[in-house]
Amino acid sequence: MTSSRKLYVKSFGCQMNVYDSQRMADTLAPEGYVETASVEDADLVILNTCHIREKAAEKVYSELGRIRRLKEAAAADGRRVLIAVAGCVAQAEGAEIVRRAPAVDLVVGSQNYHRLPDLIGRVERGDKVVDTQFPVEDKFEALAPPSVAATRARGVAAFVTVQEGCDKFCTFCVVPYTRGAEISRPVERIVHEVERLADAGVREVTLIGQNVNAYHGAGPDGPWSLARLVARLAQIDGIERLRYTTSHPLDMADDLIAAHRDLPQLMPQLHLPVQSGSDRILAAMNRRHTSTDYLAVVERLRAARPDLALTSDFIVGFPGETEDDFAVTLRLIDEVGYSGAFSFKYSPRPGTPGADMADQVEEAAKAERLRRLQAAIDKSQAAFNRGCLGRTFPVLFERPGRYDGQLVGRSPYLQPVQVEAPRGLIGTIAAVTVTEVAANSLFGTLAETTDAAQVGVDANLHAPDLIGAGA
Ligand code: 5AD
Ligand code: SF4
């Protein structure tokens, strides 16, 4: 055990990176690294990077410029600061990062975090280290679990990676290259991890994976589906809410759809990216489904859980996308009625088939379509939020709000809800009546009854009712 040093980890991109960053901090804690929220104090800075779009990757280099100056200032004071780049940019660019940003000491690929103590030891002895091999050992089982104190500090809603990598090869996407082939963690390990989280006060767990509903981890009697895993986790004392993300429409299995009907802990909210409403573009993207297939899945989901809130990702300006293709996407948004969505301009990624396709769409057209798409999503989201006005549903309180006496929690549909409530309610679920809605959050008051079970979510409310007229 060495003396205490300060660690600053910054996550870019998806929730899987947030989870990985926590596990890196957990793995470095026994080495004497204590997390700091301030980069100026850090002895070791880890940037956990995202390569999904060009803009995301470029952010890393501008951040590295800033950190290099901090490193130089610290060196002038006789203090050594180490800089590590982890995540998908590290995986994709490897040694190129050290060439472009020589202040970087360590480049560590997304499958190698369990080796960090050893890699940092080598850096401390003066080497520059690049480790982006896909190792044979399983990083998840080699990574240290969080301490109870670390879990408490991270709050009552936690992420757990259950699946990583992807075999779908959508033609725009780098994930199959940066995160590799799809793997699922064994059931027993996940159960153990969630039990630990529950013991430390976690009440809501979101299972994450790039293609989470393709989960097929080893169970005691052969491979388990995600639905079986979710049902098992719902039995753990203290786990009151479960979610999972991100799902591919093709892997929306019958048992998982049924779980949305049968399992009260499974929250009525699902991120189900469609990317485009045009069958021609979906085919060019290698999504392997049509818009009709997607709508059929949505219909089955809503038959199982009528109030299900759906969110999606959209890409505008994929190669070959015409105004007509785009118009069909806008129609699909109206038809589904989303509670929110992320939207992106297509960004050609080196090494993916899309980058070499003819008919790349001009930047100006992409920007214009993105504006229209976002307006359609905002309208859909506003309608969904308006549909919540006056309703009473259970809210899990997560942390103090911006103003004194206020708490922020989550609705079953994942909206943030601001409520005047005593601090002691953090970590508990209470019934809240929605009194006001804004673009991105709801406002409410504690309902007369604090017995959330009595008010539950009204599963018989039909989604179109919820979305409300005028959408
Ligand atoms: N360009 C733009 N958006 C992309 N996404 C993935 N790859 C690209 C790309 N090359 C989006 C998809 C995906 C989300 C995580 O990021 O919509 O669902
Ligand atoms: Fe990327 Fe998702 Fe397609 Fe996999 S399913 S290639 S992660 S967009």
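Select ligand 2 and colour its shell by residue class: seven residues are nonpolar, one is polar and two are charged. The model on display is predicted, and this applies to every stop below.

With ligand 2 still selected, display the residues that surround it. Three cysteines are among them, Cys-166, Cys-170 and Cys-173. The surrounding residues also include Phe-169, Phe-172, Val-175 and Pro-176. Lys-168, His-248 and Arg-287 complete the shell of ligand 2.

Keep Phe-172 highlighted, and move to ligand 1. Phe-172 belongs to the surroundings of ligand 2 and appears again around ligand 1. Now add the other residues around ligand 1: Ile-52, Arg-53, Gln-275, Asp-313, Ile-315, Phe-344, Lys-345, Tyr-346, Ser-347 and Arg-349. Coloured by class, the shell of ligand 1 shows five nonpolar, two polar and four charged residues.

Which side chains should be inspected for N or O atoms at 2.6 Å from an oxygen atom of ligand 1? Select Gln-275, where a side-chain N or O atom lies 2.6 Å from a ligand 1 oxygen. Then select Asp-313, whose side chain likewise places an N or O atom 2.6 Å from an oxygen atom of the ligand. For a backbone counterpart, go to Ser-347: one of its polar backbone atoms is 2.8 Å from a nitrogen atom of ligand 1.

Next, switch on a surface for the protein. Ligand 1 on its own has 400 Å² of accessible area, and the protein covers 87% of it. Returning to a cartoon view, select strand 15 (309-316) and strand 16 (340-345), the elements that each give two or more residues to the shell around ligand 1.

Leave the ligands and select strand 20, residues 429-437. On one pairing, strand 20 runs antiparallel to strand 17 (residues 392-400), with five bridges joining the two. Pick Thr-392 to see one such bridge; the partner in strand 20 is Thr-433.

Then add strand 21, residues 442-446. Strand 21 is also antiparallel to strand 20, again through five bridges. Select Val-434 and find Gly-444 of strand 21 opposite. What lies between strand 20 and strand 21? Four residues do, and the two strands form a hairpin.

Finally, colour the chain by pLDDT. The mean over the chain is 93, and 94% of residues reach 70 or more. Select residues 452-471, where the pLDDT is below 50. In the model, this stretch has 46 contacts beyond near neighbours in sequence.

Notes:
Residues are numbered from 1 along each chain as its sequence is written. Chains are lettered from A and ligands numbered from 1 in the order in which they are written. This is a predicted model: local features need pLDDT of at least 70, side-chain atom pairs count only at pLDDT 80 or more; totals for chains, interfaces and linings use all residues. Side-chain values use heavy atoms; hydrogens and water are left out. A residue is near a molecule or strand if one of its heavy atoms lies within 4 Å of it. A polar contact is a pair of N or O atoms within 3.5 Å; within protein, one must be able to donate a hydrogen and the other to accept it, and residues adjacent in sequence count only if both atoms are side-chain atoms. Accessible areas come from the Shrake-Rupley method with a 1.4 Å probe; for residues, only the protein chains shown count as cover. Ala, Val, Leu, Ile, Met, Phe, Trp, Tyr, Cys and Pro count as nonpolar, Asp, Glu, Lys and Arg as charged, and the others, Gly among them, as polar. Two strands pair if DSSP finds at least two bridges between them. pLDDT is the predictor's confidence in each residue, from 0 to 100. Contact means heavy atoms within 4.5 Å.
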